[in-house]
Amino acid sequence: MQKKPKILFLTTQLPYPPISGGVIKSWRLIEHWAVNTDLTVLTLLKNDDSFHESTFLHRLNKKISYKGFSIQKARTPFNLLKSYLFADTLNVYRNKLDQFRNEVDKYSKDADILFLDHYEMGQYIPLNFKGKIILHEHNAEFIMWKRLAEIEPNPLKKLILILESKRIARAELKYISKSDKTLAAPNDIEELVQVGADRSKLEITYHLGEDEMLKWPNIEFSKAEESILFVGTLTWEANVDGLIWWFEKVWPIIKSANTKVRTTIVGKNPDQRLIDATRGDDRVHFTGFIEDLRPYYDKSRVFIVPLRFGSGIKVKLLNALYRGVPTVTTGVGVEGLDVKSGTEIYFTSDPEKYADHVLTLLSNSSKWSEMRDASRIKGKEYSWEHLLKAHDALIQSMLNYPTSL
């Protein structure tokens, strides 16, 4: 019988509960490899992570070795200054813990694969590690900071963001060079190559969503309400910025043209700027965290992903494709996906065109049904089964195993 490869999985936060894109991806990998490999997970614990540890381990039926380490370092000016002294970037410093490093050194001695989940884990590569190293780039992080700098109006903040983007790019290239393979989304691969990454070390991955929704029956136009839906992490800066843009530039156009339409925002702990931007608007509803999103997908006629910056694959958009809720997003929103505007999805960064696309989907049942069907067909191209098999094959080839996992 083929022995199971020993994987040491390092990650920046407890990958549970799987309610956001990056965490979903980490959870799916761990859930899969808990069965197919000899898996050890070492994670840093932030915010309320410790409250979910027991459920995380219960879901895995104790099939892995596990240790978690509490760390709390906020994104502050003081920590930014300290990062210039003690780390490659601010986020590398915020994930720096000597106790964690000691455990990595101990557990890595007999590991076949060191799996670095997020570039910040690159700082923990042991000096004399003899196995193979895989870096999992959830995003080309430097691109996110660079794009945020481009839309930042404050000159001082803009300069800080530009400098940090450059530091992150150097760190990502450094950790890619130390790794045997790096997993990244197709669009992020191109960005990384442009700043000097070795393309031969880069392998395609995707952040996918709840593809089981492809098995659900179609939503019908007549049963969906004149309602617009957004689902996402409401403290994530890219989401906050995009929604503020939506409420300031797009939503007023839609409201003036359709007196019935409502916008529903699903996600816990909305940023205060979102509350301020929608204060007094009785046609905007914040739901808080919702565990079962199906009723919201089924009653919404349009899904929106109004992003102005970001990188990687946007899981919330894929979920809308799986469910068949016609979606309007931006060029940033569809990066990494093979879609055409007006076929499976609409995308534009022009507020008036954005509003026009939403209004079309709210009222045109023929176009709505056409896009629903096209989006679900496209969603089938992005499945977990295919992706996990590809990553198993990568490990198999790196370890020269004669059979698949």
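**Salt bridges and one unpaired aspartate**

Let me begin with glutamate 220, which forms a salt bridge with arginine 372, their closest N and O atoms being 3.6 Å apart, where a salt bridge is a side-chain nitrogen of Lys or Arg within 4 Å of a carboxyl oxygen of Asp or Glu. This pair links distant parts of the chain, since glutamate 220 sits in the loop between strand 7 and strand 8 and arginine 372 in helix 14 (residues 365–379), 152 residues apart. Glutamate 220 is partly exposed at 38% relative accessible area, whereas arginine 372, at 7%, counts as buried; buried means under 20% relative accessible area, exposed over 50%, and partly exposed in between, with a 1.4 Å probe and protein chains only.

I should say that this is a predicted model, in which local features need pLDDT of at least 70 and side-chain atom pairs count only at pLDDT 80 or more, while totals for chains, interfaces and linings use all residues. Residues are numbered from 1 along each chain as its sequence is written, and side-chain values use heavy atoms, leaving out hydrogens and water.

The whole structure holds 25 salt bridges, and Arg147, Glu191, Lys314 and Glu335 are linked in a network of them.

What, then, is the nearest side chain of opposite charge to aspartate 211? It is arginine 28, 4.3 Å away, and aspartate 211 is buried yet has no salt bridge, with Lys and Arg counted as positive, Asp and Glu as negative, and His and the chain ends not counted. A polar atom of the aspartate 211 side chain does, however, lie 2.9 Å from the backbone nitrogen of tryptophan 384.

Definitions and conventions
A polar contact is a pair of N or O atoms within 3.5 Å; within protein, one must be able to donate a hydrogen and the other to accept it, and residues adjacent in sequence count only if both atoms are side-chain atoms. Helices (H or I, at least four residues) and strands (E, at least two) are DSSP runs, numbered from the N terminus.
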